[in-house]
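Work through the following exercises with the sequence and the model at hand. Each task is followed by a solution in steps.

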Amino acid sequence: MSEIKKTKLLVLGSGPAGYTAAIYAARAGLKPIVVQGIQPGGQLTTTTDVENYPGFRDVIQGPWLMEEMKAQAEHVGTETIWDHITEVDLSKRPFRLTGDSGTTYETETLVIATGAQAKWLNLPSEEHAKGRGASACATCDGFFYRGKKVAVIGGGNTAVEEALYLTNHSDDVTLIHRRDELRAEKILQDRLFANPKIKVLWDHAVDEFVLGGQPEALVGLNVRNVKTGEVSRVECEGAFVAIGHAPATELFKGQLAIDKDGYLEVEPGTPRTSIPGVFACGDVMDKHYRQAVTAAGTGCMAALDAERYLAELEFAEKETVAAE
């Protein structure tokens with residue numbers, strides 16, 4: 001017989017948003033459960049140097065930071081479970097979630113912190129270059145390439161914003177786009193074309209990330225002209241893939257409001273989704289900032305709102321009983 005676990009608050013996901021929500025919920029006495037998912041710790045577990053998380057004057061390691069968050073959450077009363085949720089029923093309370101393990105979870109409130117994954121080019125050389133010059137977040141890693149040649153791959157809003165941001169650190173930014181026009185908003189394009197630090201390489205696709213030296217690090221990109229087939233080299237020490245993100249919202253389609261880009265919709269300025277008692281935080285609802293610190297902030301908001309929601313329910317139930 002499969003196990004049934006019941007809780008007042010369940011957190012789905014275990015990145016900065018999920019663990020922060022759990023910490024606040026546990027300190028409120030809600031005894032939350034965190035279901036960690038297939039990548040415990042989220043995207044920070046694949047990030048080596050972290051230099052922009054408040055509270056640490058020296059560079060820290062992403063996996064270490066997530067282990068510390070997990071330990072803090074458990075220390076204040078969170079139960080963490082390694083499981084992968086395969087089915088969710090939000091049609092009635094308590095909400096029901098089914099895990100790969102066969103366990104069924106019943107919860108009065110749900111905090112969704114399933115995050116998003118950066119889209120990559122899926123080149124074999126790209127995988128080897130991750131952490132050696134290849135990145136999917138200029139805001140996170142651009143500082144490490146100050147004074148160096150960098151490239152951005154993409155043609156939408158994200159790519160243009162990344163290129164503009166990188167000019168804070170580099171005087172030599174190349175935007176590589178496989179088409180002959182950008183998909184970004186016109187105002188962003190105007191800013192890009194007006195910036196003397198940025199040049200655009202049109203009609204080119206990246207074929208290979210080229211590493212060299214000891215220790216191995218990125219030295220350039222082999223690119224191909226999609227119209228002529230000619231192959232050339234773009235010299236750079238940092239390459240930022242900016243072709244979008246894929247939020248982990250597949251489980252919630254048909255149950256929660258999701259925008260055209262696949263992100264969970266929330267009430268402006270809150271983590272409240274289209275179903276009362278269900279809250280979303282972190283990259284699964286944030287397409288603009290996508291930082292560990294902002295994810296943690298929305299995790300705090302989700303826990304506080306969940307606590308208030310539960311208190312209001314309890315008060316309403318007492319009022320009903322008193323009226324009878």
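**Exercise 1.** Which residues does T249 touch, not counting residues up to four places away in sequence?

Solution. The model is predicted, with local features needing pLDDT of at least 70 and side-chain atom pairs pLDDT 80 or more, while totals for chains, interfaces and linings use all residues. Residues are numbered from 1 along each chain as its sequence is written, and side-chain values use heavy atoms, without hydrogens and water.

Step 1. Locate T249: the loop between β18 (245-247) and β19 (278-280) holds this residue. Helices (H or I, at least four residues) and strands (E, at least two) are DSSP runs, numbered from the N terminus.

Step 2. List the contacts (heavy atoms within 4.5 Å). T249 touches I258, G262, L264 and V284.

Step 3. Classify the burial of T249. Buried means under 20% relative accessible area, exposed over 50%, and partly exposed in between, with a 1.4 Å probe and protein chains only. T249 has a relative accessible area of 3%, so T249 is buried.

**Exercise 2.** Find the disulfide in the chain and classify its cysteines, then treat C236 and C300.

Solution. Step 1. Apply the rule: a disulfide is a pair of cysteine sulfur atoms within 2.5 Å. The count is 1 disulfide. C137 and C140 form it, with their sulfur atoms 2.2 Å apart.

Step 2. Take the torsion. The angle about the S-S bond is 70 degrees, and the link of C137 and C140 is right-handed.

Step 3. Compare accessibility with the cut-offs. C137 counts as buried because its relative accessibility is 16%. C140, at 28%, counts as partly exposed.

Step 4. Check C236 and C300. C236 is in no disulfide, and the nearest cysteine sulfur, that of C137, is 17 Å away. The relative accessible area of C236 is 2%, so C236 is buried. C300 is also in no disulfide; the nearest cysteine sulfur belongs to C281 and is 10 Å away. C300 counts as buried at 16% relative accessibility.

**Exercise 3.** Describe how helices α5 and α6 cross and which residues meet.

Solution. Step 1. Fit the axes, which are lines through C-alpha atoms over the stretch in contact, with angles from 0 to 180 degrees between N-to-C directions. The axes of α5 (residues 157-166) and α6 (residues 186-194) come within 10 Å and cross at roughly 35 degrees.

Step 2. Assign the hand. A crossing is left-handed if the near helix is turned anticlockwise from the far one by less than a right angle, and right-handed if clockwise. The α5 and α6 crossing is left-handed.

Step 3. List the contact residues. From α5, N157, V160, E161, A163 and L164 meet L188, R191 and L192 of α6. By class, this contact of α5 with α6 has 5 nonpolar, 1 polar and 2 charged residues.

Step 4. Find the buried side of α5. Its buried residues are A159, V160, E162, A163, L164 and L166. Their cover includes α4 (138-141), β11 (150-153), β12 (173-176), α6, β13 (198-201) and β17 (238-241).

**Exercise 4.** Is V34 buried or exposed, and which residues are in contact with V34?

Solution. Step 1. V34 sits in strand β2 (residues 33-35).

Step 2. At 0% relative accessibility, V34 counts as buried.

Step 3. Leaving aside neighbours within four places in sequence, V34 is in contact with V11, G13, S14, Y19, A22, T78, E79, T80 and I81.

Key
Ala, Val, Leu, Ile, Met, Phe, Trp, Tyr, Cys and Pro count as nonpolar, Asp, Glu, Lys and Arg as charged, and the others, Gly among them, as polar.
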